[in-house]
Amino acid sequence: MKLKTFDPLDYLQNDEDCRLALIAAYEEDPGDGSLITSTLGDIAKARGMSQLARETGLSRENLYRSLSGEGRPEFATILKVSRALGYSMAPMHEKM
């Protein structure tokens with residue numbers, strides 16, 4: 001039996017797929033932001049890293065490194081990437 005290597009890009013086919021993946025990353029992140037960061041990286045790859053680099057003013061190399069899940073991007077980088085991808089980091093509701 002030959003198993004296919006999992007590639008998240010196979011499952012990020014449209015905006016809704018990307019949105020749901022990011023929601024899941026926020027819910028499952030271990031608390032260090034690594035899952036959120038790597039999911040943003042996967043979404044960036046699915047949508048086109050070159051375009052994202054132009055929109056954020058960051059180099060492709062910096063984006064790949066920062067969004068690898070192993071990188072430690074500055075919060076400003078996460079904000080730029082999130083905004084360029086069309087995501088808001090504003091609170092959705094009050095905590096009860």
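Biologist: How much space lies in the second largest pocket?

Modeller: This is a predicted model, in which local features need pLDDT of at least 70 and side-chain atom pairs count only at pLDDT 80 or more, while totals for chains, interfaces and linings use all residues. Residues are numbered from 1 along each chain as its sequence is written, and side-chain values use heavy atoms, without hydrogens and water. A pocket is an open set of points on a 1 Å grid over the protein atoms alone, where a 1.4 Å probe fits and protein lies on both sides within 12 Å along at least five of seven lines. For the second largest pocket, the space filled by probe spheres set on its joined points is about 170 Å³.

Biologist: Which helix gives the most to the lining of the second largest pocket?

Modeller: The lining residues (an atom within 4 Å of a point) include F6, Y11, A21, E28, L35 and D42. Helices here are DSSP runs (H or I, at least four residues) numbered from the N terminus, and α1 and α2 (34-47) each supply at least two residues. With 4 residues, the one that gives the most is α1.

Biologist: How are the planes of F6 and Y11 arranged, stacked or edge-to-face?

Modeller: F6 and Y11 both help to line the second largest pocket, and both are exposed (over 50% relative accessible area, 1.4 Å probe, protein chains only). A search of the whole structure finds 1 aromatic pair (ring centres within 6.5 Å). F6 and Y11 form this pair, with 5.5 Å centre to centre and 15° between the planes, and since planes under 30 degrees apart count this way, the arrangement is stacked.

Biologist: How many residues does helix α1 give to the lining of the largest pocket?

Modeller: About 450 Å³ of space lies in the largest pocket, and I23, Y26, S88, A90 and M92 are the lining residues nearest its centre. The lining has 14 residues in total. Helix α1 (residues 15-28) gives the most to this lining, and its share is 5 residues.

Biologist: Which helix gives the most to the largest nonpolar core?

Modeller: A nonpolar core joins buried (under 20% relative accessible area) Ala, Val, Leu, Ile, Met, Phe, Trp, Tyr and Cys residues through side-chain atoms within 4.5 Å, and the largest one has 18 residues, with L40, I43 and Y87 among those with the most contacts inside it. Two or more residues come from each of α1, α2, α3 (49-56) and α5 (75-85). Supplying 4 residues, the helix that gives the most is α2.

Notes:
Phe/Tyr/Trp six-rings, centres within 6.5 Å; stacked < 30°, edge-to-face > 60°.
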